[in-house]
Amino acid sequence: MSRLVGLERASTVREILSEGRGKILFAVAAGWFLSIGVRLAYPVLLPFLQSDLGLGLTGAGVLLSVLWLAYALGQLPGGVLSDRIGEGNVLVASTLVSAVALGAVAAVDSGTLVFVATAAFGFGTALYGVARFTILSDVFPEHEGAAIGITLAAGEVGNAVLPLAAGAIATTLAWQYGFWLSVPAFGLTALLLWYAVPGRTSGETSAVDAISRDTLQYVASQLRRRPIVVVTAVQILTYSVWQAFTGFYPTYLIEVKELSAPVATGLFSAFFALGIVVQPLTGGVYDRIGARRSLPVVLGIVAVALAALPFLEGFWPLVAGTVLLSSILGYGTITLPYMTAAFPQDMKGTGLGVLRTFYMTIGAASPVLFGAFAERGFFDEGYLVLAVLAVVAIGLTWWLPEL
């Protein structure tokens with residue numbers, strides 16, 4: 001049996017890499033590695049930014065919310081541009097805008113300008129968000145879950161490596177140097193994407209070539225369909241949980257669990273490193289049994305782990321808790337392929353952009369709310385609230401139809 005499973009997986013890998021598609025997957029994954037990895041360096045750098053900018057936990061939460069709100073607001077323009085000018089072209093533009101914005105974050109010397117430059121960086125990386133999914137859906141129609149899972153796993157490598165590197169650089173030099181080093185990396189990635197990814201992977205026709213009443217009615221009619229409504233509700237809850245948890249986990253480990261900053265950063269990196277295994281696994285499971293059966297299992301583990309976290313004491317129990325908590329990294333490889341597949345070909349980018357802007361805008365409030373909660377002495381209780389949100393999301397999957 002195990003031999004058959006191994007052969008099946010090998011066959012899937014060969015199909016994914018066939019006909020020159022491997023270089024497309026590599027380039028898209030490399031861009032996501034950098035885009036999400038640098039964004040997730042912010043939670044590790046929060047103590048340094050708090051010291052330099054004079055921020056409390058609430059203020060730190062505001063900075064994270066600014067980053068993620070800008071990321072949310074850029075999803076819709078990114079989706080529309082993907083449909084209109086081509087997905088590959090949008091990925092190149094995203095990496096170039098991100099490079100310029102990161103240089104500004106590192107160069108400015110005022111708190112207000114750091115917030116503004118952070119917003120620009122969030123918006124720039126947002127342009128990457130929708131186009132990568134529509135590219136992978138177009139290029140790998142038979143293995144879209146697996147391809148998206150591989151790409152998201154590459155992002156988890158970035159989340160494991162880049163925050164750890166940023167923390168080490170901030171400790172030995174200054175937090176700005178990590179951002180400076182990221183600027184040429186984004187420039188090189190833009191060249192790779194330009195070379196490897198076609199400017200357009202979808203059809204030449206687009207539902208949003210012109211903005212008209214008919215266009216808006218067509219888009220609205222698709223957004224009202226039951227699969228879209230239910231998966232969006234699930235995504236609002238799960239994304240809010242992910243945002244609040246990842247935004248403050250290193251700070252929580254330092255301030256409440258009394259771990260040293262290097263140990264807390266190491267656990268945070270290990271959390272994302274586990275996603276390298278979790279995301280391709282859950283993506284493959286989605287391809288085989290669908291969202292309605294796979295999502296409750298993943299979210300059930302998340303809920304249990306979040307509820308247990310306040311009661312864990314000591315290094316090894318927290319390591320075990322971090323392993324269980326890494327299951328939260330797998331929900332996106334189920335919900336996002338489902339969401340992408342639910343839209344017709346001529347408006348995949350626009351539809352996905354609308355939904356991502358909607359649920360991410362709501363989710364962007366979770367770090368500042370969680371930070372304010374924690375600042376008032378309710379850090380542990382905050383994680384129990386997140387567990388309840390995961391349970392509610394499990395309940396919603398009952399109404400999630402299979403596509």
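Here are some questions and answers on a predicted model.

Visitor: Is S98 buried or exposed?
Guide: S98 sits in helix α6, residues 87-107. Its contacts beyond four places in sequence are F121, G124, T125 and F186. Its relative accessible area is 1%. Buried means under 20%, so S98 is buried.

Visitor: How far apart are the end C-alpha atoms of helix α7?
Guide: Helix α7 covers residues 111-139, which makes 29 residues. At 1.5 Å a residue, the helix should span 42 Å. The model agrees with that: the end C-alpha atoms are 43 Å apart.

Visitor: How many of the 29 residues of α7 are buried?
Guide: Buried means under 20% relative accessible area. Helix α7 is largely enclosed by the rest of the structure, because the buried residues number 22 of the 29.

Visitor: Which helix gives the most to the largest nonpolar core?
Guide: The largest nonpolar core has 117 residues. W68 and Y383 have the most contacts inside it. Leaving aside neighbours within four places in sequence, W68 touches I36, R39, L40, Y239, W242, Q243, M360 and A364. With 15 residues, the top contributor to this core is helix α11, residues 226-255.

Visitor: At what angle do helices α13 and α14 pack?
Guide: Helix α13 spans residues 275-289, and helix α14 spans residues 291-308. Their axes are 8 Å apart, and the angle is about 145°.

Visitor: How many residues of the contact of α13 with α14 are nonpolar, polar and charged?
Guide: From α13 come T282, V285, Y286 and I289. From α14 come A291, R293, S294 and V298. They divide into 5 nonpolar, 2 polar and 1 charged.

Terms used: Residues numbered from 1 in each chain as written. Predicted model: local features only at pLDDT ≥ 70, side-chain atom pairs only at ≥ 80, totals over all residues. Heavy atoms only, no water. Axes fitted to C-alpha atoms, helices over the stretch in contact; angles between N-to-C directions. Helix = DSSP H or I, 4+ residues; strand = E, 2+ residues; numbered from the N terminus. Contact = heavy atoms within 4.5 Å. Nonpolar A, V, L, I, M, F, W, Y, C, P; charged D, E, K, R; others polar. Core = buried A, V, L, I, M, F, W, Y, C linked by side-chain atoms within 4.5 Å. Buried < 20%, exposed > 50% of the residue type's maximum accessible area, 1.4 Å probe, protein only. Expected span 1.5 Å × (residues − 1).
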